[in-house]
Amino acid sequence: MNKIKTEFPLTQAQIAHYHEHGYVIVRNFFAPEEIEPLRQACDRDRSLNNTQSEVDYGGIGFKLSVWSELGDSMLGVIPRMARVVDAAEALEGEECYHWHSKIVLKKPTEGSVAWHQGFGTWYEDYCLYPKLVSCCIAINENTRKNGCLQIAKGSHHLGRIENVMLPNSNSSCADPERLKIVLDRLEIVYCELQQGDAVFFHANTLHGSDLNETNDIRVALFCTYNVVSNEPYNLDNQQHHRYIPLEKVPDSALREKQYNGIFETQKFFEVETADDPKTGVSIRHGRTKKSIANV
Ligand SMILES: O=C(O)CCC(=O)C(=O)O
Ligand SMILES: [Fe+2]
């Protein structure tokens, strides 16, 4: 058993908010100085060591770097930190394992993300239940102006919405007809976050974001966890989604610089570009699918 426990557990009120609304914002989840080395590395190398895949919605889209193996780079350490893992397990009420993590770095004028649910595609990855939770950590300030994450409040109660391919795109999104009604009826929450703030959201929570209209980058790190009992019932072509016990690290890991480099040594998923769909393997999942870009 892993004895490491967080010093900063979620409160009962935060857990209740998540269950009622499908998300919860946790201010100061990380101290800015814990996260600052990652922000600087992203700013220095905006291609993240050439690891970004492109999601193309017919001209405007966004770029993301995805990984599932967790080593001792900063990107391997953050998803294993006690405060993140314990929060995921408190929200799910079960042992969790790492599904994948990704960095979405929006340069100026980049980065519109069409509305979707994570479970829209994790269902296609043969997960039976929407028992996955994502933690979005603001690596720099995420604002309305630079295209922060948006969430449709309470949308996790809708259940799974069919995912459809968008025309002239390598990506899918939630069924536009249903989506229009849903977005008319539900409140849209702009998750404006300071560096180090985080938002946890449910696999069925509809989310998306707008373009970055500032002259600076917008960087968010997403860590996604699945519950152990919800491991895909078919792991063909997605061995990286199998259950591997998490090796948690203490909350002090970043403060004490217990990591080896930022992302230089991190192993990422293979890069795919919008006009090079290769074998039809999803850039976000390594899944054998026609769409290369599902979340
Ligand atoms: O970075 C964002 O604004 C949202 C990205 C997202 O939802 C995804 O990559 O699945
Ligand atoms: Fe997403």
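This passage describes the two sheets of a predicted model and a helix that lies across strands of the model.

One sheet is open and has seven strands. Their order is β1-β11-β6-β13-β4-β3-β2. The pairing is antiparallel. Strands β1 (23–26) and β2 (53–56) form the edges, and each of them pairs on one side only. Neighbouring strands in this seven-stranded sheet are turned against each other by 25 degrees on average, direction ignored.

The β1 edge can be followed in detail. Strand β1 runs antiparallel to β11, which spans residues 198–202. Four bridges join these two strands. Within this pairing, Tyr-23 stands opposite Phe-201 of β11.

Strand β11 also appears in the packing of a helix. Helix α4, residues 82–92, lies across β11 and three further strands: β4 (96–106), β6 (132–138) and β13 (218–227). The helix runs at about 140 degrees to β6. In the strand order, β11, β6, β13 and β4 follow one another.

The other sheet is also open, with four strands. Here the order is β5-β12-β7-β10, and the pairing is again antiparallel. The edges are β5 (113–116) and β10 (188–190). Each edge strand pairs on one side only. For this four-stranded sheet, the average turn between neighbouring strands is 25 degrees, direction ignored.

At the β5 edge, the partner strand is β12, residues 207–209. Two bridges link β5 and β12 in the antiparallel sense. Val-113 has Ser-209 of β12 as its bridge partner.

How values were computed:
Residues are numbered from 1 along each chain as its sequence is written. Chains are lettered from A and ligands numbered from 1 in the order in which they are written. This is a predicted model: local features need pLDDT of at least 70, side-chain atom pairs count only at pLDDT 80 or more; totals for chains, interfaces and linings use all residues. Two strands pair if DSSP finds at least two bridges between them. Axes are lines fitted to C-alpha atoms, for helices over the stretch in contact, and angles run from 0 to 180 degrees between N-to-C directions. Two residues are in contact if their C-beta atoms, placed from the backbone, lie within 7 Å.
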